[in-house]
Amino acid sequence: MTVEISLGYDKEYVTKFSEGLNEPEWMKTLRLDALQQAERLPMPKPDKTKIDRWNFTKFTHDLRGEELSSLADLPNQIKDFVDQNKEEQNLFIQRDQRVAFASLSQSLKDKGVIFTDMNTAMREHSDLVEKYYMKDGIQVDEHRLTALHAALMNGGVFVYVPENVQVEEPLQAIFWQEDPEAALFNHVIVVADKNSSVTYVENYLSQNNEEEEAVTNILTEVFAHDNAKVSFGAVDNLGAGTTTYVNRRGVADRDAKIEWALGQMNDGYTISENYTYLMGENSLGDAKTVSVGRGSQKQNFTARIVHYGKASEGYILQHGVMKEKATAIFNGIGKIEHGASKSNAEQESRVLMLSKDARGDANPILLIDEDDVTAGHAASVGRVDPMQLFYLMSRGITQKEAERLVIHGFLAPVVKQLPIKAVKEQLTQVIERKVN
Amino acid sequence: MAGSTLEIKNLHVAIEGEEILRGVNLTIKGGEFHAVMGPNGTGKSTLASAVMGHPKYEITEGEVYIDGKDVLEMEVDERAQAGLFLAMQYPSEISGVTNSDFLRSSINARREEGDEISLMKFIKEMDGTMDLLEMDKNMAQRYLNEGFSGGEKKRNEILQLMMLKPAIAILDEIDSGLDIDALKVVSKGINQMRDENFGCLIITHYQRLLNYIAPDKVHVMMQGRIVKSGGPELAQRLEEEGYDWIKQELGIEDETVGQKA
Ligand SMILES: Nc1ncnc2c1ncn2[C@@H]1O[C@H](COP(=O)(O)OP(=O)(O)OP(=O)(O)O)[C@@H](O)[C@H]1O
Ligand SMILES: [Mg+2]
């Protein structure tokens, strides 16, 4: 592995890359430190999934896509994710690491809202970005992939909502990998300052097939300061050849809320981690995820909520459908630290397998170091009931359509509860595509 | 010729290697209502499920035709497309799929692509039929059979029957669990279907249902076979005297399928 990392991506390369982007000095230093650490740190060890043969380290790093002159030029598959009828778009499109489209309403700009690509943010708001970038959310030295990410970060957005500002319309970011083999080291930071609120929705999209190998290493850090609220929606839809490591992490201060609505719809090997740290008293973390696996995809999903603040609440709800030969592990972890009294941790994981070769595993785990708390979990892993299919087919519905109805039905309770309308609609479309 | 014909010839059916049906012969034509009666565990539901194509039932011998077409060669959905319908003794519950989405998919499954029923027409038809069956309107938006009471499930089966308008329907204990008012309502629905293009096989334990839905023919099943057939008067006599006289007449000691004749 070490050999592969240094393949072309050495100190000299990283220095040049950083300087080429006119990055602040702190960023260059952070990258170079991280590069050194990447060589000695171990790979992450997702529970019950062996990843030593997954490709995370062979890739083409420095690629720039073209700008878009108009949204009408987007290919149809991407257009589906954009609401083109809106008068004012709060939309950001990144095409192979380059900003292809960016627009933020004047009223939000006037209120001091920042929604821009990571590179611009670093140059225009260097101190602000430095304050949040891989400090209290994700650490550089957690494992080889976090360090490698820090060394080679090549895309992403920065969102900042000032104190007392409520952003009513969702902000949307699309990360579109057009070149089938381009590697994406995307970094997203969303900061909601005190008493503010924002809804952010992102999509990772590519259409590469199994032979077109690509690597994606995504780190996302969300900060909700005192009494702020962040609704974070994502529909991941990367192609079959892309190996993905995605880590979305939230930090909630006093009375703050972070709601995650994640549609985990990649077609390739995927490790998806979603952690929420409930630091403040009375904070809330809510993670709802929907996943569909197909082909011979292997995936590992972890939703983890850690309670530090008193009277904090953490909810995890995961529903997954596995088709064909797909395999997935669902870990739902609620951890209550000593001192986080009156906290509540709830988890529910449900997996439906559609074929005899599909595999699913649900592991709800509660780790509790405090007496005065409430907690609960539920899990189920099962195959589609042949009686249900018989019933539906006896009304003239084909087997395929019957399976489609059962899958939609299985995912509906989660999809219905997703707090963001745009994500609900996108997800319904992607599920439709993956199920047919 | 008006209506369809379902022909069941010498049907033998096994479950997990055990023979349950041992040569059933029965023909149902459009316009005819047949009743099948018989003690518990004699193979009535097995007959219904096997004709519809339940995956657990293995046909070991015999033939089934609808209008001359080989039913046993068809997938379950093809059997429905060919005109068969089964109201099940224990309808499945399907979470997350609304009753109305399910019904609309079922109706559209019978239609060509591009010729789907319009939403307006569908809603109108569904509303009208639910009114007739005295069903609560919010049942349309509830998940299919999920949490429905026994009686509500049976009404829901008849709602589907009336909306799908099959050529031949098999109704397996559509009266079980119904209170007397519900029985009348359900019977009204079934009777409304009666015309020369609709044939029906009604499986029941009770003469009471047959007071509302007059059968043309009555059959008695024992040991996985039809052992006696007659007119409506046969059901009447069964109600009054039970099955013992038939067992005596035929020299049967144990009527369940586990016993050889
Ligand atoms: N899935 C099954 N697995 C094992 N045995 C079965 C199965 N289905 C039916 N049987 C057996 O086949 C026999 C006939 O059952 P069936 O359900 O056809 O009876 P029935 O005449 O409909 O009875 P009832 O009046 O109680 O509904 C019974 O002995 C039953 O236990
Ligand atoms: Mg029965």
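Donors are N, O and S atoms within 2.8 Å of the metal; water is not among the atoms, so sites may look incomplete. The model treated here is predicted.

**Exercise 1.** Identify the protein donors of the magnesium ion (ligand 2) and state which parts of chain B they tie together.

*Solution.* Step 1: the protein donors are OG of B:S45 and OE1 of B:Q89, at 2.0 to 2.3 Å from the ion. Step 2: B:S45 belongs to helix α1 (residues 44-52) of chain B, while B:Q89 is in the loop between β6 (84-87) and α3 (99-109), so the pair joins parts 44 residues apart in sequence. Step 3: B:S45 has 24% relative accessibility and counts as partly exposed. B:Q89, at 17%, counts as buried.

**Exercise 2.** Classify the ring pair A:F92 and A:F115.

*Solution.* Step 1: the ring centres are 6.2 Å apart and the planes stand at 50°. Step 2: planes under 30 degrees apart count as stacked and over 60 as edge-to-face, so the pair is tilted. Step 3: A:F92 lies in strand β1 (residues 91-95) of chain A and A:F115 in strand β3 (residues 114-117), 23 residues apart. Both A:F92 and A:F115 are buried.

**Exercise 3.** Describe the surroundings of the ring of B:F33.

*Solution.* Step 1: its centre is 5.9 Å from that of B:F198, with the planes at 80°, so this pair is edge-to-face. Step 2: B:F33 is in strand β3 (residues 33-37) of chain B and B:F198 in the loop between α6 (180-193) and β8 (199-203), so parts 165 residues apart in sequence are tied together. Step 3: B:F33 and B:F198 are buried. Step 4: B:R194 lies over the face of B:F33, 3.9 Å from the ring centre.

Definitions and conventions. Residues numbered from 1 in each chain as written. Chains lettered and ligands numbered in written order. Predicted model: local features only at pLDDT ≥ 70, side-chain atom pairs only at ≥ 80, totals over all residues. Heavy atoms only, no water. Donors = N, O, S within 2.8 Å, 3.2 Å for Na, K, Ca; no water. Helix = DSSP H or I, 4+ residues; strand = E, 2+ residues; numbered from the N terminus. Buried < 20%, exposed > 50% of the residue type's maximum accessible area, 1.4 Å probe, protein only. Phe/Tyr/Trp six-rings, centres within 6.5 Å; stacked < 30°, edge-to-face > 60°. Lys NZ or Arg CZ within 6 Å of the ring centre and 35° of its normal.
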